[in-house]
Amino acid sequence: KAHDKLFKDTINMLDLNKLYNENINNLSGGQLQRIFIARALLTEPKLLILDEPTIGVDSENLKNLRLILKKLKENCVTIVLITHDSEFCNDLFDYKLSLIDVEVHEFIDLRGEANE
């Protein structure tokens with residue numbers, strides 16, 4: 001029963017109901033991205049690694065993704081997110097590693113202190 005609720009909540013949150021009978025070859029990049037995210041979430045991970053999850057996702061579904069990530073963080077899921085969209089993730093995480101150049105990086109503790 002709990003898994004059924006997780007499935008239903010995830011599908012609804014990522015607005016995937018209307019894609020149920022679609023051929024995967026007819027889906028847009030953003031739709032595929034949301035399906036891949038849902039698939040990862042349904043395994044109830046303790047560690048979630050997301051590589052550019054915002055690519056091709058419309059603004060409404062970005063809001064939903066943010067809500068999902070906030071909830072996962074509250075439930076102590078470790079999230080590693082790789083993105084060029086720093087606006088999306090600035091207030092979601094405790095730490096940020098910015099790769100500025102090949103040998104230049106900045107590690108930021110978003111809870112307070114910055115380190116180089």
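What pattern does the protein follow, read along the sequence? Read that way, the order is α-α-β-α-β-α-β-β-β, which comes from four helices and five strands. Please keep in mind as you look around that this is a predicted model.

**Overall picture**

The C-alpha trace spans about 50 × 30 × 20 Å along its principal axes. Of the 116 residues, 33% count as buried. Among the contacts with a separation of 6 or more, 42% are between residues 24 or more positions apart.

How far can the coordinates be trusted? The average pLDDT of the protein is 85, and 96% of the residues score at least 70. Among the elements, strand 1 (residues 47-51) has the highest mean pLDDT, 92, while strand 5 (residues 114-115) has the lowest, 52. Where pLDDT is low, the predicted coordinates should not be read in detail.

**Helix 3 and its surroundings**

Helix 3 covers residues 59-74. Its 16 residues should span 22 Å at 1.5 Å a residue, and the 23 Å between its end C-alpha atoms agrees with that. Helix 1 can be checked in the same spirit: it has 12 residues and reaches 16 Å from its first C-alpha to its last, close to the 16 Å expected.

At the start of helix 3, Asp 58 offers a side-chain oxygen that comes to within 3.1 Å of the backbone nitrogen of Glu 60. Further along, the buried residues of helix 3 are Asn 61, Leu 62, Asn 64, Leu 65, Arg 66, Ile 68, Leu 69 and Leu 72. An α-helix has 3.6 residues a turn, so residues three or four places apart point the same way. The partners against which the buried residues of helix 3 pack are helix 1 (2-13), helix 2 (29-41), strand 1, strand 2 (78-82) and helix 4 (86-89).

Asn 61 is a good residue to click on. This member of helix 3 has a relative accessible area of 3%, and since buried means under 20%, Asn 61 counts as buried. Leaving out residues up to four places away in sequence, Asn 61 touches Met 13, Leu 14, Asp 15 and Arg 34.

**The nonpolar core**

Which residues touch the most other members of the largest nonpolar core? They are Leu 69, Leu 72, Leu 81 and Phe 88, in a core of 23 residues. At least two residues of this core come from each of helix 2, strand 1, helix 3, strand 2 and helix 4. Helix 3 gives the most, with five residues.

Leu 81 shows how these parts meet. Setting aside neighbours within four places in sequence, Leu 81 is in contact with Leu 50, Pro 53, Leu 69, Phe 88, Cys 89 and Phe 93. Two of these names, Leu 69 and Phe 88, also appear among the core residues that touch the most other members.

**Positive phi angles**

Most residues other than glycine have a negative phi, and most peptide bonds are trans. The residues below are therefore worth a look against that background.

| Residue | Phi | Place |
|---|---|---|
| Asp 15 | near 55° | follows helix 1 |
| Glu 44 | near 50° | loop between helix 2 and strand 1 |
| Cys 76 | near 65° | follows helix 3, in the loop between helix 3 and strand 2 |

Is Cys 76 buried or exposed? With a relative accessible area of 66%, Cys 76 is exposed. Glu 44 is exposed too, at 52%. Cys 76 also has a spatial partner from earlier in the chain: Lys 46 is 30 residues away in sequence, yet the two C-alpha atoms are 7.5 Å apart.

**An aromatic pair**

How many aromatic pairs does a search of the whole structure find? The search finds one. Tyr 95 and Phe 107 make up this pair, which is stacked, with 5.6 Å centre to centre and 20° between the planes. The two residues are 12 apart in the chain and link distant parts of it: Tyr 95 belongs to strand 3 (residues 95-101) and Phe 107 to strand 4 (residues 104-109). Tyr 95 is partly exposed, with a relative accessible area of 41%, and Phe 107 is partly exposed as well, at 31%.

Notes
Residues are numbered from 1 along each chain as its sequence is written. This is a predicted model: local features need pLDDT of at least 70, side-chain atom pairs count only at pLDDT 80 or more; totals for chains, interfaces and linings use all residues. Side-chain values use heavy atoms; hydrogens and water are left out. pLDDT is the predictor's confidence in each residue, from 0 to 100. The expected span of a helix is 1.5 Å times one less than its number of residues. Buried means under 20% relative accessible area, exposed over 50%, partly exposed in between (1.4 Å probe, protein chains only). Contact means heavy atoms within 4.5 Å. A polar contact is a pair of N or O atoms within 3.5 Å; within protein, one must be able to donate a hydrogen and the other to accept it, and residues adjacent in sequence count only if both atoms are side-chain atoms. A nonpolar core is a set of buried Ala, Val, Leu, Ile, Met, Phe, Trp, Tyr and Cys residues joined through side-chain atoms within 4.5 Å. Rings of Phe, Tyr and Trp (its six-membered ring) pair if their centres lie within 6.5 Å; planes under 30 degrees apart count as stacked, over 60 as edge-to-face and the rest as tilted.
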